[in-house]
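User: Could you take me through the empty space in this one, pockets first? I'd like a close look at what lines it, and then a word on the sheet if there's room.

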Amino acid sequence: MQPNGPSRKALLRSSEAAGALRPFAVLALDMGLFAGGSILALAVVDLWLKLLGSALITAGIVRLFLVGHDACHGSFFATKTLNHVFGRIAFLPSMTAFSLWDVGHNVAHHGFNNLKGRDQVWAPYSKEEFDRLPRRRRIMERIYRSGLGWGLYYFVELWWRKLYFATRKEIGSGRLRYKLDSALVSVGAIGWIGIVALVAYQTHQQFWLLATLAIGIPFALWNTIMGFVVFVQHTHPSIAWFQKRQEWQRTRGYLTATATVRLPLRVDRLMHCIMEHNAHHVNPRISMFALRRAQQQVQDQANGDVLSYRLNWHTYRDCVRRCKLYDYANHTWLNWRGEVTARLDPLGGVPAS
């Protein structure tokens with residue numbers, strides 16, 4: 001690990017918001033995508049068009065969530081009020097409580113990403129911890145890390161437990177704004193279901209079919225996409241996890257313990273630059289409109305400490321196969337049997353994958 005490199009302060013100029021016109025245009029486009037998909041799913045007769053509508057609703061949910069994500073970081077609009085108001089609106093289709101996302105994502109994840117005990121997103125168990133788990137919990141962990149369990153992981157471990165009426169046990173505090181934002185999400189969900197029910201009644205369609213196409217499938221796909229994105233951003237045979245805060249600080253975990261991942265078919269280009277993840281962790285207030293430029297700046301200055309790779313079937317299968325458990329003392333990834341699958345040297349930089 002080189003002692004010099006990009007600091008968070010070095011990128012503060014890139015965090016300036018893009019005025020008002022461009023953010024409002026992006027918000028309107030993404031809301032239009034969600035609304036257009038809803039019209040197809042609810043109003044047309046042909047099943048293939050309804051399924052296309054489900055896909056468009058899913059895309060709208062993902063993109064609106066990323067708008068809310070930036071707003072929660074205070075980087076989408078130039079003012080706090082606009083970020084808080086429209087961030088909450090943008091979060092409604094993904095049923096995400098704004099203040100709960102703030103405490104879990106901005107404070108815990110961005111403050112201490114890949115530091116076990118502080119960052120809880122995809123934190124791997126050690127072999128000893130895994131062996132002590134109840135059988136049911138071990139089965140769930142195997143499903144989560146099977147390579148196809150991202151949606152179930154995000155829905156159960158993050159959304160249900162920490163992002164919707166989260167208890168004090170789960171997040172360490174219980175504030176009124178958490179409950180109010182969860183109630184807002186509930187009102188939005190009830191309104192969404194109500195619109196579906198009204199359309200079903202007026203058009204003589206089956207309510208459960210419309211609810212599945214317009215709400216159930218998109219919400220399930222949203223959980224799957226989000227779980228997958230967070231997994232690949234912070235899990236890789238070349239990415240370390242930490243138990244000691246001092247070690248995390250010395251290795252600049254905010255920079256080295258994440259990856260910029262290029263997705264097949266350039267899908268990452270459609271996701272508001274959220275895959276430019278090293279720069280995002282160097283300075284979370286960098287707007288989505290400046291992230292691509294900031295990521296290039298990070299890569300130019302990082303002295304090889306930045307992991308960036310193109311995801312394909314081989315790289316993904318290798319990641320899933322090797323990244324089951326983690327030996328925090330020796331910095332090695334393990335399989336379920338506790339056998340070493342990857343060795344890391346966080347103090348020596350990012351090893352080759």
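Analyst: The lining of the largest pocket splits into 20 nonpolar, 9 polar and 4 charged residues. Keep in mind that this is a predicted model. That pocket has a volume of about 560 Å³, and 33 residues line it. Look around Gly 104, His 105, Ala 108, His 109 and Val 121 if you want to find the middle, since those are the lining residues nearest its centre. As for where the walls come from, two or more residues each are given by helix 2 (47-72), helix 4 (98-111), helix 7 (150-162), helix 8 (168-171) and helix 10 (207-234). Helix 4 gives the most, with 8 residues.

Now slide over to the second largest pocket, at about 400 Å³. Here the lining is made up of 19 residues, and the ones closest to the centre are Ile 225, Phe 228, Leu 263, Val 267 and Met 271. By class, that lining has 15 nonpolar, 3 polar and 1 charged residues. You'll meet some familiar names in the walls: helix 2 and helix 10 each supply at least two residues, and so does helix 15 (313-322). This time helix 2 gives the most, with 5 residues. Helix 2 and helix 10 are also among the elements that give two or more residues to the largest pocket, so you can trace either helix and look at both linings.

Then there's the closed-off space. Rolling a probe the size of a water molecule over the atoms is what shows where empty space is left. With a cut-off of 30 Å³ or more, the count comes to 2 cavities. The second largest of them holds about 30 Å³ of space. Its lining is Arg 88, Phe 91, Leu 92, Thr 96, Ala 97, Phe 98, Asp 181, Leu 184 and Val 185. Helix 3 (80-91) and helix 9 (176-203) are the elements that give two or more residues to it, and helix 9 gives the most, with 3 residues. In class terms, you get 6 nonpolar, 1 polar and 2 charged residues around this cavity.

And the sheet, as promised. It's an open one of 3 strands in the order 3-4-5, with antiparallel pairing. Strand 3 (325-327) and strand 5 (340-343) sit at the edges with a single partner strand each, so one side of each is left without a neighbour in the sheet. From one strand to the next, the twist averages 30°.

Take the pairings one at a time. Strand 3 is joined to strand 4 (residues 332-334) by 3 bridges, and the two run antiparallel. Across that pairing, Leu 325 stands opposite Leu 334. On the other side, 3 bridges join strand 4 to strand 5, again antiparallel, and there Thr 332 faces Arg 343 in strand 5. If you're following side chains along here, remember that in a regular strand they alternate between the two faces of the sheet. Strand 4 and strand 5 form a hairpin with 5 residues between them. Have a look at Gly 338 in that turn, where phi is positive, at about 90°.

Terms used. Residues are numbered from 1 along each chain as its sequence is written. This is a predicted model: local features need pLDDT of at least 70, side-chain atom pairs count only at pLDDT 80 or more; totals for chains, interfaces and linings use all residues. Side-chain values use heavy atoms; hydrogens and water are left out. On a 1 Å grid over the protein atoms alone, a cavity is a set of points where a 1.4 Å probe fits but cannot get out, and a pocket is an open set with protein on both sides within 12 Å along at least five of seven lines; lining residues have an atom within 4 Å of a point. Grid points are joined across faces, edges and corners, and a volume is the space filled by probe spheres set on the points. Helices (H or I, at least four residues) and strands (E, at least two) are DSSP runs, numbered from the N terminus. Ala, Val, Leu, Ile, Met, Phe, Trp, Tyr, Cys and Pro count as nonpolar, Asp, Glu, Lys and Arg as charged, and the others, Gly among them, as polar. Two strands pair if DSSP finds at least two bridges between them. Axes are lines fitted to C-alpha atoms, for helices over the stretch in contact, and angles run from 0 to 180 degrees between N-to-C directions.
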